[in-house]
Amino acid sequence: VRASYTDETTRLVQQLVSMGITSLAVVYLDNGFGKEVLGDANRALSAAGIKAVAQVALAADGKNLNEVVKATMDSKPAAVLLGTAGAASTSLIAALRRASPRMPIAGLSVALTSSGVKQLGELAGGIAITMVFPDPSRAKHAISREFQAAMRANGQTEFSMGSFEGYVNTKVMAEAIERAGRDITRAKLRTALAGLRRVDLGGFGIDFTSAPYVGSKFVDLGILNDKGRYSA
């Protein structure tokens, strides 16, 4: 139901370049995910006629964090693009902020968890993150307003991205179950899911036209404020 990492990375690089930021250092996890992001970033940069000033691999367990931060800072980038996720991102961002408090940092939607944002506190302010769903705390999209109403009806007032993603996934599954008809089987459900075309959930479209069944092309860019909420 999410946009692909390739779509996220391409959109992020294009946005940074359009802002005049062409001196990018890419810090990526030394695993399959990180290398995929690095490849996508390099292709997007190449399309813009530029190269990363540094490509620095961060060990999955973060054991080379100090060396990574030094190599990144030594390249004198205008911004750092993160191909990292989870706890590794939290430690990396904190270290980068200590080394250069005003350094622009940008990452994919999986770069930071909710707990990671809370852990960083004010250090999270100003970080650019791709968003693969509309902002659940705003009322711009009908799906967001519907989600908020459903949460309030259950006494919930915290509109987190994780809860919203679960809500959207459930709506997609419910649509597929309805289309699968009676006497549902795993095969019928899979066929129904694969057959979803141009389904508008209220400003968020789902279309599983072809393999590998990436159902969404929605990618936006949000900027975290010092309270860990998206301000743009």
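**Entry 1: the whole chain**

Among contacts in the chain between residues at least 6 apart in sequence, what percentage join residues at least 24 apart? I looked this up before anything else, and the value is 64%. A reminder to myself: this is a predicted model.

Next I went through the secondary structure and found eight helices and eight strands. The radius of gyration is 19 Å, close to the 17 Å that the globule rule gives for 232 residues, so the chain is as compact as a globular protein of that length. I also noted the span of the C-alpha trace along its principal axes, about 60 × 40 × 35 Å.

Then I turned to burial. Of the 232 residues, 45% count as buried. The accessible surface comes to about 11800 Å², and carbon and sulfur atoms hold 51% of that area.

**Entry 2: salt bridges**

How many salt bridges are there? I found a count of eight, and I wrote up three of them.

I started with Glu165 and Arg2, whose side chains meet with an N to O distance of 2.9 Å. Glu165 sits in helix H7 (residues 161-180) and Arg2 in the segment before helix H1 (5-18), so this pair ties together parts that are 163 residues apart in sequence. I checked how covered the partners are: Glu165 is buried at 18% relative accessible area, while Arg2 is partly exposed at 27%.

My next pair was Arg179 and Glu175, which form a salt bridge at 2.8 Å, N to O. Both belong to helix H7 and are four residues apart, about one helical turn. As a general point, an α-helix has 3.6 residues a turn, so residues three or four places apart point the same way. Arg179 is partly exposed, with a relative accessible area of 46%, and Glu175 is partly exposed too, at 26%.

I finished with Arg138 and Asp135, where the closest N and O atoms of the salt bridge are 3.2 Å apart. Is Asp135 buried or exposed? Asp135 turns out to be buried, with a relative accessible area of 12%, whereas Arg138 is partly exposed at 40%.

**Entry 3: Ser109, and Arg2 again**

I met Arg2 a second time when I looked at Ser109. The side chains of these two residues make a polar contact at 2.9 Å. Ser109 belongs to the loop between strand E4 (105-107) and helix H5 (114-120), and I noted that Ser109 is buried, with a relative accessible area of 16%.

Which residues does Ser109 touch, leaving aside its neighbours within four places in sequence? I listed Arg2, Glu8, Ile129, Thr130 and Val132. I also looked up the C-alpha atoms of Ser109 and Tyr5: they are separated by 8.9 Å, with these positions 104 residues apart along the chain.

**Entry 4: Thr90**

I picked Thr90 in helix H4 (residues 87-99). Thr90 is buried, at 6% relative accessible area. With its neighbours within four places in sequence set aside, I found Thr90 in contact with Leu112, Gly116, Gln119 and Leu120.

**Entry 5: H7, H8 and the loop between them**

Helix H7 came up again when I moved on to helix H8 (residues 186-194). I found that the buried residues of H8 are Leu189, Ala192 and Ala194. What do the buried residues of H8 pack against? They pack against H7.

I also looked for nonpolar side chains on the surface. Met173, Ile177 and Ile184 form a nonpolar patch there, with about 240 Å² of accessible area together. Met173 is a residue of helix H7 and is partly exposed at 34% relative accessibility.

Asp183 lies in the loop between H7 and H8, and I stopped at its backbone angle: phi is near 55°, a positive value in a residue other than glycine. For context, most residues other than glycine have a negative phi. Asp183 is exposed, with a relative accessible area of 67%.

**Entry 6: one more positive phi**

Where is Arg198 found? I traced Arg198 to the loop between H8 and strand E6 (199-200). Its phi is positive, about 45°, although Arg198 is not a glycine. Arg198 counts as exposed, at 70% relative accessibility.

Terms used:
Residues are numbered from 1 along each chain as its sequence is written. This is a predicted model: local features need pLDDT of at least 70, side-chain atom pairs count only at pLDDT 80 or more; totals for chains, interfaces and linings use all residues. Side-chain values use heavy atoms; hydrogens and water are left out. A salt bridge is a side-chain nitrogen of Lys or Arg within 4 Å of a carboxyl oxygen of Asp or Glu. Helices (H or I, at least four residues) and strands (E, at least two) are DSSP runs, numbered from the N terminus. Buried means under 20% relative accessible area, exposed over 50%, partly exposed in between (1.4 Å probe, protein chains only). Patches are made of residues with over 30% relative accessible area and no salt bridge: like charges are joined within 9 Å, nonpolar side chains (Val, Leu, Ile, Met, Phe, Trp, Tyr) within 5 Å. Accessible areas come from the Shrake-Rupley method with a 1.4 Å probe; for residues, only the protein chains shown count as cover. Contact means heavy atoms within 4.5 Å. A polar contact is a pair of N or O atoms within 3.5 Å; within protein, one must be able to donate a hydrogen and the other to accept it, and residues adjacent in sequence count only if both atoms are side-chain atoms. The radius of gyration is taken over C-alpha atoms; the globule rule is 2.2 Å times the number of residues to the power 0.38.
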